[in-house]
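The exercises below are meant to be worked through slowly, with the structure open beside the text. Try each task before reading its solution.

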Amino acid sequence: MRIFEDILNIIFPKVCCICDQGLTKNEELICFHCRSTLPKAKFEDPKDNEVVHRIYGKLNIEIGLAYLYFYKSGITQKLLHQLKYKNQPEIGLLLGNWIAHDILNYGMDKNLDLIVPVPLHKKKERKRGYNQSRHFAKGISELTNIPTDFDNLQRVHFSASQTHKSKEQRWKSVERAFHVKTAECFKDKHVLLVDDVMTTGATLEACGNEILKNGASALSLATIALAK
Ligand SMILES: [Zn+2]
């Protein structure tokens, strides 16, 4: 098996998804150098930080986490572009594993009952082939053993890219975009809602409200990145 893998690696060398340099046997998807230059969001307190402050007054959350900072044209943007548009869902899984270590270090895994990713509209998911946030959720679940729910929060309205919209336009397009299929599924659960990037927080707010409306006992947020 090892020999087979080695031969495959000679024919199709694995390269870093950020810098395109060949990966060594110990590196997975991202080379050590690129990993060391990623702008990690180091939060001292999961209850009092930039994620929590950004959503404050709009959505009542217990804890808020982001793994990286996202700067325009920066390395995180490149990484997320690979994850979302270059058919590399395994990047989401890896980043989920990485943030899971933070969740375990904070000792928060015991308080969380369910991980729910922000859903894509079915049409969009079919086109892309996968939902990147679902893979991030899977990566968190793998190490923390917190169960996931991929079916009950659904996106019912299709909206075009949020990228060039103002704060008000973003809110208008997501305000009624989400729907919970089975009302009982979030009842009395502390739900960890996860997404790729937090910008204004409008999408997380709309999803979070739906989850809380359906009886969740608490809500927390984790994103791959926080836009600066
Ligand atoms: Zn690299």
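**Exercise 1. Two residues in a loop and in a helix**

Task: Decide whether K42 is buried or exposed, and find where K42 is placed along the chain.

Solution: Bear in mind throughout that this is a predicted model. Begin with the count of neighbours: K42 has 8 other C-beta atoms within 10 Å, and because a residue with 12 or fewer counts as exposed, K42 is exposed. Next, locate K42, which is found in the loop between α2 and α3, the latter covering residues 50-55. As a last step, follow the chain from K42 to A66, which is 24 residues away in sequence, and note that the two C-alpha atoms are 8.6 Å apart in space.

**Exercise 2. Positive phi angles**

Task: D20 and L29 each have a positive phi although neither is a glycine; find the loop that holds them, and work out for each whether it is buried or exposed.

Solution: Take D20 to start with, whose phi is about 70°, and then L29, whose phi is about 65°. D20 is found in the loop between α1 (2-11) and α2 (32-37), and L29 likewise lies in the loop between α1 and α2. Now count neighbours: D20 has 8 C-beta neighbours inside 10 Å and therefore counts as exposed. L29, on the other hand, has 21 other C-beta atoms within 10 Å, so L29 is buried.

**Exercise 3. The packing of α8 and α9**

Task: Describe how helix α8 (residues 167-174) and helix α9 (residues 202-213) are arranged, and name the residues that make their contact.

Solution: Two packed helices are described by the angle between their axes and the distance between the axes. For α8 and α9 the axes come within 9 Å and cross at roughly 30°. Since angles under 35 degrees count as roughly parallel, α8 and α9 are therefore roughly parallel to each other. The crossing in which α8 passes α9 is right-handed. On the side of α8 the contact is made by R170, W171 and V174, and on the side of α9 by A202, T203 and A206. Sorted by class, these residues of the contact of α8 with α9 are four nonpolar, one polar and one charged.

To finish, look at A202, which has its place in helix α9. With 23 other C-beta atoms within 10 Å, A202 is buried. Leaving aside residues up to four places away in sequence, A202 touches R170, W171 and V174. The C-alpha atoms of A202 and A66 are separated by 16 Å, and these two residues are 136 residues apart along the chain.

**Exercise 4. The packing of α5 and α7**

Task: Carry out the description for helix α5 (residues 90-106) and helix α7 (residues 132-144).

Solution: The axes of α5 and α7 are 7 Å apart, and the helices pack at an angle of about 45°. That angle makes α5 oblique to α7. The handedness comes next: α5 passes α7 in a right-handed crossing. The contact involves residues of α5 including G92, L93, L94 and L95, which belong to the set that meets residues of α7, among them Q132, H135, F136 and A137. By class, the residues of the contact of α5 with α7 divide into eleven nonpolar, seven polar and two charged.

**Exercise 5. A lysine in a loop**

Task: Which residues does K189 touch, not counting residues up to four places away in sequence?

Solution: Locate K189 in the loop between β4 (178-180) and β5 (190-198). K189 touches D113, L114, A216 and S217 when residues up to four places away in sequence are not counted. K189 has 20 other C-beta atoms within 10 Å, and because 20 or more is the condition for burial, K189 is buried. Compare this with Y130, which is 59 residues from K189 along the chain, the C-alpha atoms of the two being separated by 26 Å.

**Exercise 6. The chain as a whole**

Task: How many helices and strands does the protein chain have, and does its radius of gyration agree or disagree with that of a compact globule?

Solution: The secondary structure comes to nine helices and six strands. A compact globule of 228 residues would have a radius of gyration near 17 Å, and the protein chain has 18 Å, which agrees. Along its principal axes the C-alpha trace spans about 55 × 40 × 30 Å. Of the 228 residues, 39% count as buried. Finally, consider contacts with a separation of 6 or more, of which 74% are between residues 24 or more positions apart.

How values were computed: Residues numbered from 1 in each chain as written. Predicted model: local features only at pLDDT ≥ 70, side-chain atom pairs only at ≥ 80, totals over all residues. Axes fitted to C-alpha atoms, helices over the stretch in contact; angles between N-to-C directions. Helix = DSSP H or I, 4+ residues; strand = E, 2+ residues; numbered from the N terminus. Parallel < 35°, antiparallel > 145°, perpendicular 65-115°, else oblique. Left-handed = near helix turned anticlockwise from the far one by under 90°. Contact = placed C-beta atoms within 7 Å. Nonpolar A, V, L, I, M, F, W, Y, C, P; charged D, E, K, R; others polar. Rg over C-alpha atoms; globule rule 2.2 N^0.38 Å.
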